[in-house]
Amino acid sequence: MAPSLATLEDIKSDIRCLLISRNSNNITLEKLNKMYKDVVDKDIPYKDFYFTSLEKFLKSMPDVLNLRLNQANELCAYHIDTEKSQHISSLVAREKPEADSSLKSKFKVYHANPIDPRILSEVLQELKNYTLHEKKKNCILKTDVLSAVVKHVGRYAFYTIKDLNSQLNECTHLLTHDDNYIHFKDNTPASNNVISLKNMQTKNVGSKLKDFSNQMTKIVDLSSVGNLIKESTKIRLRKLIEKHVEGIWCSELPQIYQREYGISLEYSDLGFNSIVDFASALPDIFQIVKPLNSKRLMVLNSKICEGISENHNASTSIFNKCVEETPYESGIISTRMLDKYYKALIPDDVMAFNDSVDQIRVNELLMNPIENSYHVLISEVHNPSFFWVTLCKNKKKISCLINKLQKFYAQENHNYKIPHDILKPGLNVTCIFAEAWHRGIIKKFKSDGLVVVHFYDYGTSSSFDPDQLYFLNKQFSTLPAQAIPCCLNNVKPLGTAMWSKKINKIFTEKVFDKSFSAHIINTDDKNNSLVVDLVDKNNDINERYISLWMIANKLAEHGKFICQIKNTSFTHYKECWNQNPNEKLNVT
């Protein structure tokens with residue numbers, strides 16, 4: 001659900017305090033964002049309020065600030081005094097510069113703002129390859145790096161030359177840099193200094209890496225990515241594995257790390273889809289093995305494992321087969337080997353990583369000759385601009401599917417347990433939700449170890465322990481995902497930047513789990529979503545159209561409201577289509 005109005009007021013209050021405390025005429029948007037991040041440890045969350053840029057978000061706060069260009073032609077934020085804050089601004093203005101140190105209890109000293117290492121790695125790779133092949137040079141301009149970062153992230157990337165230098169200082173074993181240039185060392189090939197992680201972020205890691213290897217003339221495994229992991233993290237992990245001589249189960253490594261050091265092991269922030277991928281990027285620290293009679297992977301101290309053959313009896317026949325067929329060196333388990341290992345653990349009759357259920361395509365719905373109107377049931381509600389519907393004509397199909405799921409998994413669930421090591425976003429699963437088995441797709445992992453599952457037949461998402469998830473048998477994948485994301489036509493929040501918690505509650509009580517006639521106004525093929533008018537034909541004329549009912553009751557006003565709709569199932573469907581364009585994916 002979107003942040004509440006109270007949250008927005010808190011953000012305004014924080015920004016007001018920051019602007020007053022600095023008493024400066026040159027607070028650029030980048031600087032303001034850094035100041036905010038230093039206090040709350042995250043960027044100003046403009047996307048949470050459905051704004052496409054920080055500038056537009058700040059412009060929606062005329063009671064807090066205004067934006068204008070300074071003498072250097074930079075867009076800056078200027079505080080607007082109110083009766084309550086005017087005397088504070090006056091006091092701050094009269095303070096000496098040293099007085100700013102009194103704010104350190106709340107506003108800490110600025111720290112570096114590193115960009116996602118996956119993006120920096122890709123940028124450096126692309127620029128280096130270009131200069132090597134086109135200009136025959138082994139160095140690149142820092143200004144070119146900053147420009148490329150902006151193209152990847154957007155205008156307000158909040159990434160400066162100081163931030164770049166800070167991250168480059170952690171890669172001195174790969175490169176050197178001066179005021180203007182980054183010089184790559186010649187002792188390793190171009191493709192190994194920094195590698196593009198773009199090809200490693202998709203679910204089909206093996207096939208993507210195969211294409212990448214054809215371009216670079218060799219297989220690049222995840223050990224190269226280990227260069228991007230902080231040295232302090234490596235030191236902690238090395239001490240941790242030395243302490244656990246008996247080894248650590250891969251699935252338990254994040255929890256043990258958290259318990260030992262009091263900080264999270266944020267491996268997903270570096271682009272790793274699983275803890276196994278992360279551990280395989282650190283061959284100097286970990287050796288990944290699969291004990292006999294176990295379906296789980298374990299990490300051992302790589303120093304202890306030196307000299308031990310990979311075909312030792314610590315591995316099962318499945319794991320040995322993957323090892324024998326895949327080149328590797330010095331105990332490093334390559335991404336291609338892991339991909340084979342994952343496939344070996346997935347039964348043939350279930351939905352694998354690159355499989356997707358079909359989708360009800362919204363552009364097909366427009367072919368309905370009866371005024372583009374459908375009888376729908378509201379199955380999930382976030383706010384008036386983001387809710388899910390199911391087609392009433394498919395109600396019997398859904399009921400039949402659910403009944404078959406209950407009967408099948410009541411008897412066979414023990415045969416479809418998913419090993420923790422291979423849980424990844426995009427994997428189709430089934431689990432018990434609301435006292436019944438339902439199908440869904442893994443959406444993401446939470447820092448507490450829980451897995452967020454999106455139930456694409458209803459639009460609902462919920463968190464589960466990994467032990468509660470099971471493979472989805474292919475016989476239950478033929479029915480397309482039933483839930484369709486929608487936005488109510490021609491309404492927007494009344495006098496605010498977002499839908500309030502109170503309005504969302506009223507709207508939910510009005511429409512949830514009720515049937516309406518949905519008149520399609522527009523479609524969004526990118527997210528496979530609809531803009532609709534909801535009509536309750538059983539109500540009197542004043543409450544028949546939900547949008548008019550909201551406006552009449554001062555719950556909304558006329559206008560267009562852009563809401564960020566996330567359709568996890570359809571996104572995965574498109575990824576599978578792009579990876580297998582020659583395979584026909586049916587739609588209803």
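**Close-ups of a predicted model**

**Figure 1. Cys 431 counts as buried, at 1% relative accessibility.** Keep in mind for every view here that the model is predicted. Another cysteine, Cys 76, is also buried, with a relative accessible area of 0%. Both values fall under 20%, the cut-off for calling a residue buried. How many disulfides does a search of the whole structure find? It turns up 0. In case the term is new to you, a disulfide is a covalent bond between the sulfur atoms of two cysteines.

**Figure 2. Three strands make an open sheet in the order β6-β8-β7.** The pairing in this sheet is antiparallel. Look for the edge strands, β6 (248–249) and β7 (286–289), each of which pairs on one side only. Now zoom in on β7 and β8 (residues 298–301): these two strands pair in the antiparallel sense over 4 bridges. To pick out one partnership, start at Phe 286 and look across to β8, where its bridge partner is Asn 301.

**Figure 3. Helix α10 (residues 231–243) packs on that sheet.** The helix touches β6, β7 and β8, and its direction makes about 90° with that of β8. Is the length of α10 what you'd expect, and what are the numbers to compare? With 13 residues at 1.5 Å each, the helix should span 18 Å, and its end C-alpha atoms are 18 Å apart, which agrees.

**Figure 4. Helix α10 has a buried side and a face turned away from it.** Which residues of α10 are buried? They are Thr 233, Lys 234, Leu 237, Leu 240 and Ile 241. Seen down the helix axis, these buried residues fall within an arc of 125°, so they line one face of α10. Their cover includes β6, α11 (253–261), α12 (275–280), β7 and β8. Over on the face turned away from the buried side, you'll find the exposed residues Lys 239 and Lys 243.

**Figure 5. Glu 435 has a positive phi of about 65°, although it is not a glycine.** Here's the background: most residues other than glycine have a negative phi. Where is Glu 435? Its place is in the loop between β11 (428–433) and β12 (436–445). Is Glu 435 buried or exposed? At 80% relative accessibility, Glu 435 counts as exposed.

**Figure 6. Lys 554 is another residue other than glycine with a positive phi, this time near 55°.** You can find Lys 554 in the loop between α19 (546–552) and α20 (568–579). With a relative accessible area of 67%, Lys 554 is exposed, since the cut-off for that label is over 50%.

**Figure 7. Glu 126 and Ala 148 are 9.6 Å apart in space, C-alpha to C-alpha.** Along the sequence, these two residues are 22 residues apart. Glu 126 sits in helix α5 (residues 117–135). With a relative accessible area of 42%, Glu 126 is partly exposed.

**Figure 8. The whole chain holds 20 helices and 18 strands.** Step back from the close-ups for a moment. Buried residues make up 49% of the 588 residues in the chain. What about contacts between residues at least 6 apart in sequence, and what share of them join residues at least 24 apart? That share is 65%.

Conventions
Residues numbered from 1 in each chain as written. Predicted model: local features only at pLDDT ≥ 70, side-chain atom pairs only at ≥ 80, totals over all residues. Heavy atoms only, no water. Pairing = 2+ DSSP bridges. Contact = heavy atoms within 4.5 Å. Axes fitted to C-alpha atoms, helices over the stretch in contact; angles between N-to-C directions. Expected span 1.5 Å × (residues − 1). Buried < 20%, exposed > 50% of the residue type's maximum accessible area, 1.4 Å probe, protein only. Arc of directions from axis to C-beta. Disulfide = S-S within 2.5 Å.
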